[in-house]
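Work through the exercises below with the sequence and the structure open. Try each task before reading its solution.

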Amino acid sequence: MKLKYPHLFSPIKIGNITFKNRLFSAPVSLQELSPECFLSQENTAFFELRAKGGAANVTVGQSIVLEGGSPHTKELKLHDPLILPSLTHAARSIRRHNCIPSIELSHGGKYAGIPNLENPHPKYKPYGPMHEWENGVEVSELTEEMLLELVKAFGDSAALVKQAGFEMLMVHGGHGWLISQFLSPSNQRQDQYGGSLENRVRFPIMVLKAIREAVGEGFPIEFRMNGKELYEGGHDVAEAVRIAQAIEDYVDIIHISAGNQRVAETFVRTHPSMFVKHGCNVALAAEIKKHVNKPVAVVGALTEPDIAEEIIASGQADIVEMARALMADPFLPRKAMEGRDQDIRKCMRCHHCMDTIITTRDTACAINPVIGEEELYFSPAAMPETSKTVLIAGGGPGGMQAALSAAKRHHKVILCESTDKLGGQINCEAHVDFKKNYYGFSKWLVHQIAQYDNIEVRMNTKVDNALVEEINPDSLICAIGATPIKPNIPGIDDPRVVNCTELAKDVPNIGQNVVIIGAGLVGTESAIHFRREHKNVTLIEARDDFAIDSNVFHKMGLNIELRDHIDVHVGTKVEAITAEGVVAINKQGERLVFPADTIFCSVGMKSREIEREELRQSILDFIPVGDCVRPGKVASAVHHGHYAAMDI
């Protein structure tokens, strides 16, 4: 049997377990748990779908070993024995797909009592390795008696999850949680648990010994740790090597991540944003692997099978772990094993999934409408009794997703696009390096559509009342999108003025000195793109902040990037465009002039409301989706398109 990725899909034996490949499903924490903080049927379906997709193991994310240790509003309570039935069901559901069930044991330490985005009103008093103040909150020092209680709790939790049927476990020793707090050089506790490295590893080793005693030999223990803490006073990779060497006798897999809760912006390195290079933690794992004898795993927004294969083949790590990538496509492992790269729906690293934890407390993926609704995958809606003709107006992401979902329900689909290219607004990302996977999603949709005989694609075809009358469809899904707003600014017709559609051209005409009017999501990301092309960029926004339409985590990444020589002016109103450049007035009433070769107008989009309402009159079953209803992000277009088709 010849495999495209022979190293990635070679088995590996760890402890008493032989894993079928080297692609592991990294831990994911869910927020919509049962009221008791147990796993619900929907939670189990989420993890089971990842198992069905072909990963060698699936790790259920952060479960808390002792009351008072949760840094999030809701996390699994391993300290409640009544959780056992739901754990058993989850382990069994993962295992039935020839996949090894694992679970992450954790405790938030001081961050269980310090307010954060995911838990703004903690109910516990914060305890950590030493007495200190952080973010204005007093942290009390854990007594030795409390540490011994924690050691016992880790051991008891390990015994419980083994009883439930989990065949391995992960100990969370990274990201600034309890064990990481002890390992960090910032732990200057004045006893045998702080100061020197020997002292700092003492408590973590006590925990690992208790777990080993609880689960026995041969039961794989994976230890997640930071390759770097990424804040001043935290450890670097050289210190990480010493930590790995100190704990390797007590673990079976050393799992390398990065970042720390102490500095919020490290979140977008711990969970790498689209602005960070793919494989940003690989060098850390490779360095640690040189100095230890246990298998090393690496995590960090790895989405490409080619990269994963090279990591294993080159010996930089033994295992590649994916979290968000398996939300975008749970079947990535199976598709990669079968050599079907073009069929993989690749994560855009947009942090939409993370944002839902904060805003709606559910689970969702911007480009995969099944995520968060996995029970509908395992118990799908009944197929329609008769095949219908579905006309779709608009070949953007919403229209293409609607076409795919309708075709899967055996309808005859006619997809009409008014231009000569499918993709809609995504085509504006064709040249943006950090949105490679975003643009690639459009290519993925096109490739999927081509595989269906019951989808007819008509290019350069605008859907109007006459075409609807000619085709006489049973249903019309309207996905005609939106158009850029042209603001009423004197000089707006200047030939230097362009909008986002310029970036959809094969060779965009963008000068060296770029002034961007409008610092919403499009304007801000465009500023970063132009700066990466070594252009001089000025960003002007009338409101008092930029990218207010961005999710909180993506905005962290934007913040970091905008510091790189981009001239940002918020609270500044553009008055006119003249031969001198863009004339604006700031909040202090000062008149500013910004010379420009190119003036990039990104003040927003407006729905094609008139065209939409004209089409509404042409057919009884009319379903508008995406930007033609309300300008938004790709997630709303994709999800609305999918479920519109599912209703037919």
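**Exercise 1.** In this predicted model, compare the span of helix H2 with the expected one, and find where its buried residues lie.

*Solution.*
1. Helix H2 covers residues 84-95, which is 12 residues.
2. At 1.5 Å a residue, the expected span is 16 Å. From the first C-alpha of H2 to the last, the model gives 16 Å, close to that expectation.
3. Buried means under 20% relative accessible area. In H2 the buried residues are Ser86, Leu87, Ala90, Ala91, Ser93 and Ile94.
4. Viewed down the axis of H2, these buried residues fall within an arc of 165°, so they line one face of the helix.
5. The general background is that an α-helix has 3.6 residues a turn, so residues three or four places apart point the same way.
6. The cover over the buried residues of H2 includes helices H1 (41-52) and H3 (144-164), together with strands S4 (57-64) and S6 (100-106).

**Exercise 2.** Decide how many disulfides the whole structure holds, and check cysteine 280 and cysteine 628.

*Solution.*
1. A disulfide needs two cysteine sulfur atoms within 2.5 Å. The search of the whole structure finds 0.
2. For cysteine 280, the nearest cysteine sulfur belongs to cysteine 347 and is 12 Å away, and cysteine 280 is in no disulfide. Cysteine 280 is buried, at a relative accessible area of 10%.
3. For cysteine 628, the nearest cysteine sulfur is that of cysteine 478, 3.9 Å away, and cysteine 628 is in no disulfide either. Cysteine 628 is also buried, with 0% relative accessibility.

How values were computed:
Residues are numbered from 1 along each chain as its sequence is written. This is a predicted model: local features need pLDDT of at least 70, side-chain atom pairs count only at pLDDT 80 or more; totals for chains, interfaces and linings use all residues. Side-chain values use heavy atoms; hydrogens and water are left out. Buried means under 20% relative accessible area, exposed over 50%, partly exposed in between (1.4 Å probe, protein chains only). Helices (H or I, at least four residues) and strands (E, at least two) are DSSP runs, numbered from the N terminus. The expected span of a helix is 1.5 Å times one less than its number of residues. The arc is that of the directions from the helix axis to the C-beta atoms. Contact means heavy atoms within 4.5 Å.
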